[in-house]
Every structure is written in structure tokens, then in C-alpha cells.
Amino acid sequence: MLEHIHPKKEMDPAFSMISLTTNEPSALGYHNDDIDIFSWQCQGKSIWHIGESEKESFVMEPGDLVFCPAWTYHEVVPLTPRAAISTFVITGRKNWRDSE
């Protein structure tokens, strides 16, 4: 009966989020996600650290776009207050090597 009133809904395969942050360190730290991420830096600056054993770092400025594949370790460190739009795409991959 409860499922009839509130049926379980599958999550949409893509969704976006607007992030407004200060230049305080992120609470997320270095992590990975099970979804692909496209992040567009709209305002301010941040440093992205990407990779597990060999980390790459680069500064994101307004207008920059980065793609972070699912299961890729990363950290975003704001240098200034910032605004970013991130689009998340659910692929269902079990790891970053999985092409399905």
C-alpha cells in the first residue's frame, strides 16, 4: 500500500547543481564519485587535484570547464569565493575502466 502512494522513483540519469562557496577548505576532501562530472567555473578561482598515484593540479578560472570521469579521485580547493555549475551523469560503470 505504501509503495502505491509513494512509488520508488529511479534517479534521473543526469542532474545539475549550482555551488556557491567561500574560499574555506572543502569538507569533501580528496574523494571519488560513482558518476561522471562536468564542472563549469562561473565565478572565482579554484584548484583541482585529479588522479590517484600521479596527481595533476590546475587552476580553474571563470569560463573553464573540466570533465571528471566516474571513480576518478579528485579534490576541489577554492582560492576565492566561487560559483560553479556541475552536471552529474549516471553511467552505471563499476569503475573508471569500464566502458559500458
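How much accessible surface does the chain have, and what share of it belongs to carbon and sulfur atoms? The accessible surface comes to about 7200 Å², of which 57% belongs to carbon and sulfur atoms; accessible areas come from the Shrake-Rupley method with a 1.4 Å probe, and for residues only the protein chains shown count as cover. The structure is a predicted model, in which local features need pLDDT of at least 70 and side-chain atom pairs count only at pLDDT 80 or more, while totals for chains, interfaces and linings use all residues. Residues are numbered from 1 along each chain as its sequence is written, and side-chain values use heavy atoms, with hydrogens and water left out.

The secondary structure comprises one helix and seven strands, and the elements run α-β-β-β-β-β-β-β from the N terminus on. Helices (H or I, at least four residues) and strands (E, at least two) are DSSP runs, numbered from the N terminus. Of the 100 residues of the chain, 27% count as buried, a term for under 20% relative accessible area, with exposed meaning over 50% and partly exposed in between (1.4 Å probe, protein chains only). Among contacts (heavy atoms within 4.5 Å) with a separation of 6 or more, 71% are accounted for by residues 24 or more positions apart.

Strand β3 (residues 46-50) pairs in the antiparallel sense with strand β4 (residues 56-60) over five bridges. Strand β3 also pairs in the antiparallel sense with strand β6 (residues 74-78) over five bridges; two strands pair if DSSP finds at least two bridges between them. The bridge partner of S46 in β4 is M60, and that of H49 in β6 is E75. Five residues lie between the strands in the hairpin of β3 and β4, where G51 takes a positive phi near 115 degrees.

The side chains along β3 alternate: S46, W48 and I50 point to one face and are buried, whereas I47 and H49 point to the other and are not. S46 has a relative accessible area of 0% and is therefore buried. The side chain of S46 is joined to that of Q41 by a polar contact of 3.0 Å. Such a contact is a pair of N or O atoms within 3.5 Å; within protein, one must be able to donate a hydrogen and the other to accept it, and residues adjacent in sequence count only if both atoms are side-chain atoms. Beyond its neighbours within four places in sequence, S46 is in contact with residues including F58, V59, M60, V76 and V77.

A second serine, S86, lies in strand β7 and is buried, with a relative accessible area of 7%. The side chains of S86 and S39 are joined by a polar contact of 3.3 Å. Not counting residues up to four places away in sequence, S86 touches F15, S16, M17, I37, F38 and S39.

H31 is placed in the loop between β1 and β2 and counts as buried because its relative accessibility is 18%. The side chain of H31 makes a polar contact of 3.3 Å with the side chain of D33. H31 and H74 are 43 residues apart in sequence, yet 5.6 Å apart in space, C-alpha to C-alpha. Leaving aside neighbours within four places in sequence, H31 is in contact with T72, Y73 and H74.
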